[in-house]
There are 2 protein chains.
Amino acid sequence: MLHNTHLQQLQGSYLFTEIVNRTQAYKAAHPQAKILRLGVGDVTRPLPLPITDAMHRAVEELAHLDTFRGYGPEEGYAWLKQAIIEHDYRPRGVELEQEEVFISDGAGSDLGNLSELFDTPNRVAILDPSYPAYVDSSLMAGREIEFLPCLAANGFVPELPKQKADIIYLCFPNNPTGVVLTRTQLQQWVDYARANKSIIIFDAAYEAFIEDPDIPHSIYEIEGAKEVAIEVRSYSKSAGFTAVRCGWTVVPKASGLNAMWMRRQCTKYNGTSYIAQRAAAATYTPEGKAGTQANLMHYKHTAQLLMNGLQAMGYEVFGGKNAPYIWCRVPQGYTSWSFFDHLLNDCQVVCTPGAGFGPSGEGYVRFSAFSNRKDCEEALIRMKGL
Amino acid sequence: MLHNTHLQQLQGSYLFTEIVNRTQAYKAAHPQAKILRLGVGDVTRPLPLPITDAMHRAVEELAHLDTFRGYGPEEGYAWLKQAIIEHDYRPRGVELEQEEVFISDGAGSDLGNLSELFDTPNRVAILDPSYPAYVDSSLMAGREIEFLPCLAANGFVPELPKQKADIIYLCFPNNPTGVVLTRTQLQQWVDYARANKSIIIFDAAYEAFIEDPDIPHSIYEIEGAKEVAIEVRSYSKSAGFTAVRCGWTVVPKASGLNAMWMRRQCTKYNGTSYIAQRAAAATYTPEGKAGTQANLMHYKHTAQLLMNGLQAMGYEVFGGKNAPYIWCRVPQGYTSWSFFDHLLNDCQVVCTPGAGFGPSGEGYVRFSAFSNRKDCEEALIRMKGL
């Protein structure tokens with residue numbers, strides 16, 4: 001039996017392991033220290049009551065013979081797809097058919113598995129810095145990657161690929177830089193993909209943080225996007241579902257990939273948890289919307305607090321508006337890892353070193369608005385004293 | 001952009017669609033008919049109270065700030081892995097490390113995704129008849145398949161592959177034939193795999209139906225299996241979790257594939273729903289065990305009822321003991337599809353035509369013990385009147 005050598009040769013995920021290792025080493029040496037974690041990309045606010053009520057009801061349905069249900073459709077229940085179409089797309093002028101929406105257990109699985117739609121020799125373009133899964137799943141498939149640097153010099157907005165790219169991963173609002181694209185900027189990518197017969201995998205996991213009316217929430221707000229774009233969405237950050245596990249992916253029929261994705265999902269996926277789907281549907285009720293909006297407002301205020309605090313100390317910061325992440329330039333003389341060590345050792349604050357997201361992340365660290373509010377306030381006071 | 005041509009060329013899943021189409025056509029022509037569905041491989045009994053209690057508690061944890069949690073480990077929580085090791089393996093003399101157990105959202109995903117561990121040119125051996133996902137995921141990966149016929153002549157026990165097989169999919173208790181392997185029979189497969197450096201993907205989704213003490217519940221009860229076998233398990237049928245979504249896969253370190261699977265899961269999977277994992281853990285409490293056992297006994301009695309009823313009418317039946325499926329030879333002069341039509345048209349009973357599971361399934365239909373008990377009783381009466 002031959003191994004998948006691409007997978008075998010992949011190195012261990014260095015970034016988060018290394019953060020944990022360094023933090024644990026510090027903690028071991030200083031057991032009394034109160035460490036403040038400002039790097040985490042995970043939500044911290046509890047689920048709103050209307051959501052947990054819906055989950056309790058779903059659990060009760062499974063507890064009784066007359067309401068019990070087993071397997072749902074692999075591609076998700078029609079009532080959830082319809083709610084997504086009516087609440088997330090129609091108000092933005094985007095019309096989708098139910099068959100174009102696939103409910104998932106979160107963006108992570110689909111961002112990895114979508115890779116199976118394509119043949120190995122395709123060339124991939126990926127933003128640098130970026131979420132590591134785009135790179136890793138492309139390497140596992142044995143594909144060649146062109147990295148598109150996002151630097152202060154280009155406002156962290158990537159330029160079009162130099163060599164023809166077949167598959168393009170875009171993530172806006174961006175993780176880790178917090179940068180967003182305007183309609184005009186995103187139109188260039190759709191035009192490029194149409195001209196080059198490329199496919200864009202558009203990761204819009206942080207869409208709920210957009211406030212500026214000129215920023216598109218969905219790539220399908222852009223003319224021609226249905227022919228060339230797959231959009232991956234998630235309730236993880238918009239509704240706090242990182243433990244619940246629910247998201248969705250749009251594969252438009254015009255992309256020519258819809259039937260293939262349906263076939264893939266029906267073969268290798270047995271559907272999303274019924275409780276998670278009922279929880280997701282509850283986010284669209286007036287009470288559910290109010291609850292999730294309150295949590296989003298909380299995170300947005302945390303972002304503002306971090307931005308203001310860091311700027312007042314003279315740090316150069318990007319993102320943080322329309323996005324939960326703040327991309328902070330490290331002071332002269334530091335690398336992203338040496339600044340990480342400085343903050344950990346000298347004020348017990350944990351951030352995420354930018355170099356872990358790719359070479360162009362060097363010189364930056366990421367702060368997360370999902371962090372505990374009180375920890376952020378205390379971290380800013382400690383950092384002021386440095 | 002180039003498509004995955006293997007995936008593109010795959011035909012639609014014919015079997016279940018065709019059953020639905022023929023049943024709906026009959027229903028449309030005979031709106032008053034009470035159709036009895038005896039083919040379904042999905043559970044019908046509600047979740048026991050100790051399980052739903054655990055789910056309610058998990059939901060409540062997510063509802064409050066001090067107990068809220070976000071992402072869990074991609075490979076699952078240690079408390080669930082430990083419970084699996086202590087309840088499903090240790091009593092059978094199998095010792096596993098926590099790092100060898102990967103919690104999943106069900107067997108379906110893992111049975112498909114495990115294919116990524118291997119290189120394309122590997123040769124695959126698959127039982128005929130079998131669950132369609134083994135064949136489909138192998139075809140998607142572009143691999144050559146040798147089918148191993150399971151016929152009355154060999155007691156539905158497959159012979160070893162004629163050509164060297166690199167990857168072998170085994171499913172025991174078998175779907176659809178309901179046949180099980182003894183320790184001695186399974187030892188031959190482990191020996192074959194060790195001699196040929198093959199890997200066995202052992203689907204034990206129906207393990208909970210085993211009653212005979214000479215039938216192994218886990219492939220790791222067989223000497224040497226840790227070197228050559230991955231075992232896929234599920235709470236779907238043992239605890240009625242087809243809507244909840246939870247299972248696990250064992251990838252032993254001795255197989256040389258453990259680190260690769262960990263890397264795959266950490267890249268393309270964001271972990272199993274917290275609520276599902278708490279539900280799974282509750283199946284191991286004394287109350288949870290009692291509740292799931294009661295449901296299993298119910299299904300086993302249904303299997304017995306179907307076996308006895310069919311045999312009394314002169315049908316030749318296999319399986320049904322140590323397994324939830326009854327593999328029934330169709331009467332002389334029928335094909336599996338013409339007998340399906342006969343039962344549908346003449347007594348409004350729906351079964352699953354064996355030919356849908358592969359060419360060697362021709363001449364048989366599958367009845368399922370997961371079907372509603374009253375429907376089974378009525379179906380037997382109607383069939384007697386044919």
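## Report on a two-chain predicted model

B:Gln348 sits in the loop that joins helix 13 (336–347) to strand 11 (349–350) of chain B. The model is a predicted one. In it, phi of B:Gln348 is near 55 degrees, which is a positive value in a residue other than glycine. B:Gln348 is partly exposed, because 19 other C-beta atoms lie within 10 Å, and a residue counts as buried at 20 or more.

A second residue of chain B can be set beside B:Gln348. B:Lys197 belongs to the loop between helix 7 (183–196) and strand 6 of chain B. Its phi is near 50 degrees, again positive in a residue other than glycine. B:Lys197 has 12 other C-beta atoms within 10 Å and is therefore exposed. Most residues other than glycine have a negative phi, and most peptide bonds are trans.

Cis peptide bonds are listed in the table.

| Peptide bond | Form | Omega | Place of the proline |
|---|---|---|---|
| A:Asp128 to A:Pro129 | cis | near 5 degrees | loop between strand 3 (123–128) and helix 6 of chain A |
| B:Asp128 to B:Pro129 | cis | near 5 degrees | loop between strand 3 and helix 6 of chain B |

**The sheets of chain B**

One open sheet of chain B has seven strands in the order 2-8-7-6-5-3-4, and its pairing is mixed. Strand 2 and strand 4 (144–149) of chain B are at the edges with a single partner strand each, so one side of each has no neighbour in the sheet. On average, neighbouring strands of this sheet are turned by 20 degrees against each other, direction ignored. Within the sheet, strand 6 (residues 199–203) and strand 7 (residues 229–234) of chain B form a parallel pair over four bridges. B:Asp203 has B:Val232, in strand 7 of chain B, as its bridge partner. Helix 6 of chain B packs on this sheet and touches strand 3 (123–128), strand 4 and strand 5 (167–171) of chain B. The direction of helix 6 makes about 160 degrees with that of strand 3 of chain B.

Another open sheet of chain B consists of four strands in the order 9-10-13-12, with antiparallel pairing. Its edge strands are strand 9 (317–319) and strand 12 (352–353) of chain B, each of which pairs on one side only. Strand 9 and strand 10 (residues 325–329) of chain B are antiparallel partners over three bridges. B:Val317 is placed opposite B:Cys328, a residue in strand 10 of chain B. Helix 12 (residues 286–312) of chain B packs on the sheet, where it touches strand 9, strand 10 and strand 13 (364–368) of chain B. The angle between the directions of helix 12 and strand 10 of chain B is about 10 degrees.

**The domains of chain A**

Chain A is divided into domain 1 (5–46 + 287–384) and domain 2 (49–285). Their C-alpha centres are 25 Å apart. Domain 1 of chain A puts 33 residues into the contact, and domain 2 of chain A puts in 41 residues. On the side of domain 1, helix 1 (5–9), helix 12 (286–312), strand 9 (317–319) and strand 10 (325–329) of chain A are the elements that give two or more residues. Helix 12 of chain A gives the most, with eight residues. By class, this side of domain 1 of chain A has 13 nonpolar, 14 polar and six charged residues.

**How the two chains meet**

The contact between the chains takes 65 residues of chain B and 65 residues of chain A. Six helices of chain B each supply at least two residues to it, among them helix 1 (5–9), helix 5 (107–113) and helix 11 (274–282). The largest share of the side of chain B that touches chain A comes from helix 3 of chain B, with seven residues. That side divides into 30 nonpolar, 23 polar and 12 charged residues.

Helix 10 of chain B has buried residues, including B:Met260, B:Trp261 and B:Arg264. Among the elements that cover the buried residues of this helix are helix 1, helix 5 (107–113) and helix 6 (132–140) of chain A, together with strand 2 (101–104) of chain B.

What relates the two chains? Chain B superposes on chain A through a rotation of 180 degrees with 0.0 Å of shift along its axis, at an RMSD of 0.0 Å. This is the relation of a two-fold axis. B:His56 has the C-alpha nearest the axis in chain B, 3.0 Å from it. Of the interface residues of chain B, 100% are also interface residues in chain A, so the copies meet through the same surface.

How values were computed. Residues numbered from 1 in each chain as written. Chains lettered and ligands numbered in written order. Predicted model: local features only at pLDDT ≥ 70, side-chain atom pairs only at ≥ 80, totals over all residues. Contact = placed C-beta atoms within 7 Å. Nonpolar A, V, L, I, M, F, W, Y, C, P; charged D, E, K, R; others polar. Domains from an automatic or database assignment. Pairing = 2+ DSSP bridges. Axes fitted to C-alpha atoms, helices over the stretch in contact; angles between N-to-C directions. Least-squares fit on C-alpha atoms with pLDDT ≥ 70 in both.
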